[in-house]
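Student: I should like to learn how to read the features of a protein model in an orderly way. May we look at one together and take its strands, core and backbone angles in turn?

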Amino acid sequence: MNDLLTGGCACGAVRYRLESEPFDTGYCHCRTCQLNSGAPAMVFSSVPADDLVFTKGADRVKTFKSSSFGFRRFCGDCGTPFTMEVDHQPETVDFSVATLDDPNAVVPGFHIFWASRIGWFDPADTLPRHAKFRPDTRGLEGTDPPT
Ligand SMILES: [Zn+2]
Ligand SMILES: [Zn+2]
């Protein structure tokens with residue numbers, strides 16, 4: 001990667017930088033992503049946990065427990081969602097690709113939680129579509145969320 005990717009929130013209070021190239025990029029159609037974003041789906045990509053660095057407004061970042069197995073970080077001033085962090089993948093952090101300054105730089109390669117897709121949202125791509133998690137999701141035995 002030539003340049004470090006940077007991103008931030010809608011109000012400008014929070015800025016971040018990625019210290020390495022993101023991997024495992026995909027759409028998530030789960031209900032939590034729909035509610036968290038107010039949109040039909042979110043696109044997340046992963047970096048090692050220490051490689052997403054808040055460079056401005058780290059004290060404005062808030063968290064909420066989004067499931068029994070994870071939490072999300074967001075801008076406490078404007079609500080823009082930044083990350084999803086889950087117990088079964090403590091070594092990585094998933095971040096919202098749409099919050100990058102150049103979202104075109106990171107391209108999704110799959111869909112997860114297709115089973116809870118909103119019916120009128122019909123992406124015209126040929127990417128793999130998984131009903132829940134991908135079968136090979138790191139740290140998970142199967143395709144069901146941890147209990
Ligand atoms: Zn903000
Ligand atoms: Zn989701």
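Tutor: Let us begin with a pair of strands. Strand β10, residues 111-112, runs parallel to β3, and 2 bridges join the two. Please keep in mind throughout that this is a predicted model.

Student: Which residue in β10 is the bridge partner of Cys-28?

Tutor: The partner of Cys-28 is Ile-112. Strand β3 also pairs with β4, here in the antiparallel sense and over 4 bridges. In that pairing, Tyr-27 has Val-43 of β4 as its bridge partner.

Student: Before going further, how many helices and strands does the protein chain have?

Tutor: The chain has 1 helix and 10 strands. Read from the N terminus, the order of elements is β-β-β-α-β-β-β-β-β-β-β. The radius of gyration is 15 Å, close to the 15 Å given by the globule rule for 147 residues, so the chain is as compact as a globular protein of that length. Along the principal axes, the C-alpha atoms fill a box of roughly 35 × 35 × 30 Å.

Student: What share of the contacts with a separation of 6 or more joins residues 24 or more positions apart?

Tutor: Such pairs account for 53% of those contacts.

Student: Is any part of the chain annotated in a record?

Tutor: UniProt, in an unreviewed entry, places the feature "domain: CENP-V/GFA" at residues 5-115. Over residues 5-115 the chain is 46% strand and 6% helix, with the end C-alpha atoms 32 Å apart.

Student: How should one read an open sheet, and in what order do its strands stand here?

Tutor: One follows the order of the strands and then asks what lies at the edges. The order here is β1-β2-β5, an open sheet of 3 strands with antiparallel pairing. Strands β1 (6-8) and β5 (52-56) stand at the edges; each has a single partner strand, so one side of each is left without a neighbour in the sheet. From one strand to the next, the twist averages 30 degrees.

Student: Which residues stand opposite one another in this sheet?

Tutor: Strands β1 and β2 run antiparallel and are joined by 3 bridges. Opposite Gly-7 is Tyr-16 of β2, and opposite Thr-6 is Arg-17 of β2. On the other side of the pairing list, 4 bridges join β2 to β5, again antiparallel, with Tyr-16 opposite Phe-54 of β5. The hairpin of β1 and β2 has 6 residues between the strands, and in this hairpin Gly-12 takes a positive phi near 90 degrees.

Student: Which residues of β2 lie on the covered face and which on the uncovered one?

Tutor: The general idea is that in a regular strand the side chains alternate between the two faces of the sheet. In β2, Tyr-16 and Leu-18 make up the covered face, whereas Arg-15 and Arg-17 make up the uncovered one.

Student: How does one then read the core?

Tutor: In soluble globular proteins, nonpolar side chains tend to be buried together. Of the 147 residues in this chain, 30% count as buried. The largest nonpolar core has 27 residues, and those that touch the most other members are Cys-28, Met-42, Phe-44, Leu-52 and Phe-95. At least two residues of this core come from each of β2 (15-18), β3 (23-28), β4 (42-48), β7 (70-75), β8 (81-86) and β9 (92-96). Strand β4 gives the largest share, 4 residues.

Student: What is Phe-44 in contact with, leaving aside its neighbours within four places in sequence?

Tutor: Phe-44 is in contact with Gly-26, Cys-28, Met-84, Asp-94, Phe-95, Ser-96 and Val-97.

Student: Finally, which backbone angles deserve a second look?

Tutor: Most residues other than glycine have a negative phi, and most peptide bonds are trans. Asp-24 is not a glycine, yet has a positive phi of about 55 degrees; this residue lies in strand β3. Phe-113 likewise has a positive phi, near 55 degrees, and is found in the segment after β10.

Student: Why does Asp-24 count as partly exposed, and why does Phe-113 count as buried?

Tutor: One counts C-beta neighbours inside 10 Å, and 20 or more are needed for a residue to be buried. Asp-24 counts as partly exposed because it has 17 such neighbours. Phe-113 counts as buried because it has 23.

Note on methods
Residues numbered from 1 in each chain as written. Chains lettered and ligands numbered in written order. Predicted model: local features only at pLDDT ≥ 70, side-chain atom pairs only at ≥ 80, totals over all residues. Core = buried A, V, L, I, M, F, W, Y, C linked by C-beta atoms within 7 Å. Buried ≥ 20, exposed ≤ 12 C-beta atoms within 10 Å, placed from the backbone. Contact = placed C-beta atoms within 7 Å. UniProt positions renumbered as here; feature names shortened; annotations may be inferred. Pairing = 2+ DSSP bridges. Axes fitted to C-alpha atoms, helices over the stretch in contact; angles between N-to-C directions. Rg over C-alpha atoms; globule rule 2.2 N^0.38 Å.
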